[in-house]
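Please look over the sequence and the model shown here before reading on. The paragraphs that follow are meant to be read beside them.

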8 protein chains.
Amino acid sequence: MNDHDIDFERDGRLGFPEFVFGESKSTEQIGAILGAFRARGESGLVTRIDAAKAEALAGAADDLRHDPASRTLLLGEERPRRDHGTVAIVAAGTSDVPVVAECAAVLRFLGLETRLHVDKGVAGVHRLMGSLADIRESDVVICVAGFEGALPSVLSGLVRRPVIGVPTSVGYGVAEGGTAALHAMLASCANGLVVVNIDNGFGAAIAAARILDPERMRR
Amino acid sequence: MNDHDIDFERDGRLGFPEFVFGESKSTEQIGAILGAFRARGESGLVTRIDAAKAEALAGAADDLRHDPASRTLLLGEERPRRDHGTVAIVAAGTSDVPVVAECAAVLRFLGLETRLHVDKGVAGVHRLMGSLADIRESDVVICVAGFEGALPSVLSGLVRRPVIGVPTSVGYGVAEGGTAALHAMLASCANGLVVVNIDNGFGAAIAAARILDPERMRR
Amino acid sequence: MNDHDIDFERDGRLGFPEFVFGESKSTEQIGAILGAFRARGESGLVTRIDAAKAEALAGAADDLRHDPASRTLLLGEERPRRDHGTVAIVAAGTSDVPVVAECAAVLRFLGLETRLHVDKGVAGVHRLMGSLADIRESDVVICVAGFEGALPSVLSGLVRRPVIGVPTSVGYGVAEGGTAALHAMLASCANGLVVVNIDNGFGAAIAAARILDPERMRR
Amino acid sequence: MNDHDIDFERDGRLGFPEFVFGESKSTEQIGAILGAFRARGESGLVTRIDAAKAEALAGAADDLRHDPASRTLLLGEERPRRDHGTVAIVAAGTSDVPVVAECAAVLRFLGLETRLHVDKGVAGVHRLMGSLADIRESDVVICVAGFEGALPSVLSGLVRRPVIGVPTSVGYGVAEGGTAALHAMLASCANGLVVVNIDNGFGAAIAAARILDPERMRR
Amino acid sequence: MNDHDIDFERDGRLGFPEFVFGESKSTEQIGAILGAFRARGESGLVTRIDAAKAEALAGAADDLRHDPASRTLLLGEERPRRDHGTVAIVAAGTSDVPVVAECAAVLRFLGLETRLHVDKGVAGVHRLMGSLADIRESDVVICVAGFEGALPSVLSGLVRRPVIGVPTSVGYGVAEGGTAALHAMLASCANGLVVVNIDNGFGAAIAAARILDPERMRR
Amino acid sequence: MNDHDIDFERDGRLGFPEFVFGESKSTEQIGAILGAFRARGESGLVTRIDAAKAEALAGAADDLRHDPASRTLLLGEERPRRDHGTVAIVAAGTSDVPVVAECAAVLRFLGLETRLHVDKGVAGVHRLMGSLADIRESDVVICVAGFEGALPSVLSGLVRRPVIGVPTSVGYGVAEGGTAALHAMLASCANGLVVVNIDNGFGAAIAAARILDPERMRR
Amino acid sequence: MNDHDIDFERDGRLGFPEFVFGESKSTEQIGAILGAFRARGESGLVTRIDAAKAEALAGAADDLRHDPASRTLLLGEERPRRDHGTVAIVAAGTSDVPVVAECAAVLRFLGLETRLHVDKGVAGVHRLMGSLADIRESDVVICVAGFEGALPSVLSGLVRRPVIGVPTSVGYGVAEGGTAALHAMLASCANGLVVVNIDNGFGAAIAAARILDPERMRR
Amino acid sequence: MNDHDIDFERDGRLGFPEFVFGESKSTEQIGAILGAFRARGESGLVTRIDAAKAEALAGAADDLRHDPASRTLLLGEERPRRDHGTVAIVAAGTSDVPVVAECAAVLRFLGLETRLHVDKGVAGVHRLMGSLADIRESDVVICVAGFEGALPSVLSGLVRRPVIGVPTSVGYGVAEGGTAALHAMLASCANGLVVVNIDNGFGAAIAAARILDPERMRR
């Protein structure tokens, strides 16, 4: 049960490599998978890895870098920065920063430029208005919010770019776990807002990368 | 089982009379209850009454008026207009109009002035901005929204008046039944937003009346 | 309460006009809103309108066309076909056709070309494999499925294009209402799949239009 | 990602300042935000802050006071006591005291007087009856209850003041998390009861402050 | 599949006969089952039978009596009135009457005396107080309520008799279907309240009959 | 959108043909699909088809037979009876008969012998005991129950055969829709009970056919 | 907030005293409440108290006894054993023992005799059959079960005594938290089964005491 | 309460012995139960036992072996390998390995041969295709998956063997706890897929053993 069937063909097929979901794997399992990447000379990124596992692995290998803010562990190098395609990440509050950080780390790994706008929640909507000009300069918008998750609805009504909503598990009571924010984004009266799973900054980043895929952009 | 124990002391105790919830009562039950009101010379209002029951009753009695838009049946006269206290009712969309109408009918019955602002949903937030000056003139704000229910969150961040959120059952998929809107309002990052049950325009009206209670205002 | 505050600025701001959600509006409300469109010389599309309302309106006006399959009512003309940008719509089963039809109607209204692939559910995955070459030719993929909603997960692992999952309410038992399919798509192990509300073919179409926005494509 | 966009205009706009939600922020984030308050000479209140974070911050700064009972951290001084406006806080049981304490701390910070009545649950309703005269002397009533959440329903039928229900997460089995109490308050047959999120003593306090806003009371 | 395996031994074993659940059976199935009762000379009671089925059957047989209020169909005679054991049925509102009626019909069938108290909801708790003396005279109390379901909690704190709570599906929004009332009763802070399924007046009646079982009372 | 991609290879691949799910397809769609079967000379079975659609189709074609009890429509002939492999279908109550009938119709179509035992619910467990000897003679047991769904748990503890639980949507209150029965079967303390979707008599039949697949049995 | 309003009249009113719910109270709060009991010379029982709190209190006072198995803390003496009234407690498995123990501790405190039957789950129903004769000797039956919660349904069909079902939170997956068992008991096809909250052994004991109330039994 | 009523007749009745569910039992309870097995000379297997309990018991007895990967504790010897009947266990990802290990441990204990295929998730469906030939050689297929749980649906469409789906609690957001995977498997459009509880590798193993029961295979 210790052999892994890693999808090394993914990069050729989809334009991005297999990432390693760290949350429910043991340190040993992650180490073995990274060993397989290393053996092929591939870079790799582990997401949702807790600090103890990451430090144990990074402490024993020079080619691993742990970023606690984004809960990622990087093997090797990020891809070179692409010369086009910018992604704005707009977040409702400081509490959403871990999801923002994961999202930014994945985009950086794929060579995409990001612009961050945090603390733009709808309780003081003038803050969002002040950031709009900059957000409109980006190619894709990722909008991160917990609690009532209203920010992506307001933002989608103000910008013509594709907007990807990321609900977060920030909140308590009916907001606990993030379902309230998720449902608000799915039910949005703002047109064309698309959504990923709760706290899934990773998925939003990959979706942005699909939209900005150089192969498609060339067509 | 046909005797009713109506709370005729409610007006003296709370400042508003007992209302009749029409939805799950038979035409005969509603008729008997209204008869008890009539026998005491009291006005009364039936809420959530469907058209068939209301027409059957109104067709047989001169002192009953049916308002299909608000699904109410009025016995006797509304109370005289109070000389102070205005309630703004702000709604996200045309589909919320039945709840707005119920709310306004109850406020009118109690003698309170209302101002209506419909179609102010966050998908085009400039519409709300255009109504703000008028909304700020009111004493209490009732904010009605279905789908993702974001409007009360945005509005609560813009006005200092008490804001009462009314989620509606307008929407489909995860919005069906109104739970998404309800949870969004309860989880709101906007401070001090209070909420009533889904589609409960009646309850919001009574809450506004409690806030604008002349006895308390005099203190 | 009968005045409507229609967002006629939306087209300039977002690249697509306001659509009319027909499900929870009365025939009179829809008629009044379409009158406002007509008065400005704008085309318009009503979605989720039932046959009775649509026939009543279409029977009384020459510039309205009812399409029962997609539950839409068109005022005026669709926009001219754009010269680039193709959207593949892939559906798991025949029962998903109403959602496919709504999605295609909205895309056609916006001038986008569509390619349809129905009956590609995972119970016989060879059928999907046979369509892959054609799907890969498109610029955006919309994938529609009810029941267990597995198709978008499989498809996202096979094509590098942006994939938008649309869960449908087709199914019974735990699949009733579409939540099982929605959750499967949100929880997908396939990377970068984005999702819209249950049965929301409309939203998927707008999301595709945002991705294929000529203004952005020109940059 | 470490800059914060604090809504310092909130006090002028809404009559109360931005509060800091401590639960999902790191000690460093809270410290940085309080530093921004301090730099402007503003008082501030952090809510839902756990003891470890609060002690770490309070131990390093003279102008911070930690109140473990209410899980708040105060920067600077509470506002001077207003000369009118009293809020009764009525709670069902001793287990609800943390929510009561948060609510009272926020009201005190805003200069409002509070009267507390704890252990008035409906299992011995005579206890509530004994407190009624005092409760009726207040201007707004906040009613806190977990388990079946029946107290606000009974109380709303007995007092004419605005009543704000606060469900708590006290209980187990079907009461776990507080949804049973929340639903009971939203579904209440008592008229005009308004509700905030589970355990949201903070929100109830702000709602009371909105009702007792001196600007409105002067009108 | 048309043979039925009726539990005719139940009366000897448990002290009450098998009842026929009419809701999900066809008219033919119910007719066949009643025929088996008739063939053995047994009385029987069908519960939750809709009017069309009941009238079809009662119209064709002299020994069947349909009671629309309780949705029951009686074959033969009720059992003779027992000389001891009284059951109080206390209901919150007029809308709960169908459940009260079912409960009373089953108790009457079993020969038990009932006392009804309707419209005693907690929004005007003085009405309950006025009925307390009579309720305390009974041996078992069945308490029926929809919406927030608070009445059994208050009542259980006031009477020492066994109290059986029956939540009803009366209400809307979060109360729709009766889950809010059910959870309130299960979570009650009042000690020793027991509960049956939503709208299950039948089950409450049988539970009362078990408590008042003459065989046990004799011991 | 009117072409169908029917999986005619399924019989060779899996040992049973594609069945037609009738519930969410239009009469025209079903007719077209059956036409494709007919054109290839294949028999076919439509499940969950309502009476109106089935009668419309059967009335227009000699090779179609409608069985209302099982809600199936048969094209052509059932497969010849296999000479081994018996399936017992045990049901808790008369209300479960439609699901039993669907299950039996599918098994018959596949040539498998069935034995039916209805009305064996646990409220009178002696009835089950009386059928045990016959049930133990079968090769696979399908156990159908609604309400609390306890029957498969009891039965699985008494027979060594594979037991497939089928929860039904029979019941009300917490049992409405069948989730209570489904969860009871999944959570069963009886070992090795497997479960299919609510009301999915069809799926249980196919599972039994997989277990009794002649190809595997020969091995 | 440290004064407690203890319901010392409860014993006279209801036949049993107020119990102290220990779970969500601090050690100091529990100590203060017990002090009030002690000051009046009353015995008392704390339920759901964790070991750390209980040991801290019991270590500092001679009149307190901690029983870890039932998570209770006893102040003073249990009431003298009544000379009639026996309660059988029947449990499905060893894992249910903590709830059984709580139930038995409360019954003992009230002077009632108990008979315990553990490990009688339906996966081996012969074990229940072997205990039936003894169970039938009792006056009230309390039946405790987790997982699928089928035992009370089977047992209610076999004994004519009042049966009180207690679902437990024992189980995982769909059984986690006890909702599956709760719903199974509420939905039971066995007649007259009444239910208390998940893990509420305390409530079941009080319900039994109400049934066996000497005042009522004398009537 | 310390006597246990172990079902030692189960092996004769059902073909497999009683297993010990370790999760919610204390070390002392498990030790006592194993003592009863030992006294009869029976082998036994404890499942879902955490490391601390298992090590405490295994450290004190020579006949106990703890396998941390499968969370099992074995008393005595596994049964001899049967000469026919192979079970394939196919898992979507490395994170599912604990459930795979439990399943394999139970099958081994019963003498059945297993073949493992891990990391076959649908995000790279070619990996599954590569394993198909080997999977088709087995007699029963157990398919384990978390997140969106799509693998059993795809696999059931490709193999004619009985397929038992085991949803796992691997995932986050809407996948947390495993309900999304469970519902996907129950709702599968693939025919005849049967399902067990979330993380119930044990139950799937027993179901496979029932299918491969030598007594039935001989018939």
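The text goes from the whole of one chain to a hairpin in another.

This is a predicted model, in which local features need pLDDT of at least 70 and side-chain atom pairs count only at pLDDT 80 or more, while totals for chains, interfaces and linings use all residues. Residues are numbered from 1 along each chain as its sequence is written, chains are lettered from A in the order in which they are written, and side-chain values use heavy atoms, without hydrogens and water.

Chain A contains 9 helices and 9 strands, where helices (H or I, at least four residues) and strands (E, at least two) are DSSP runs numbered from the N terminus. Its radius of gyration over C-alpha atoms is 18 Å, which agrees with the value near 17 Å for a compact globule of 219 residues, the rule being 2.2 Å times the number of residues to the power 0.38. Of these 219 residues, 67% are buried, that is, under 20% relative accessible area with a 1.4 Å probe and protein chains only. Among the contacts (heavy atoms within 4.5 Å) of chain A between residues at least 6 apart in sequence, 68% join residues at least 24 apart.

In chain G, strand β3 (residues 64-67) has G:L64 and G:H66 on a covered face, and G:R65 and G:D67 on an uncovered one. β3(G) pairs with strand β4 (residues 72-75) of chain G in the antiparallel sense over 4 bridges, pairing requiring at least two bridges found by DSSP. G:D67 stands opposite G:T72 in β4(G), and in this hairpin, with 4 residues between the strands, G:R71 takes a positive phi near 50°.

Note on methods
Buried means under 20% relative accessible area, exposed over 50%, partly exposed in between (1.4 Å probe, protein chains only).
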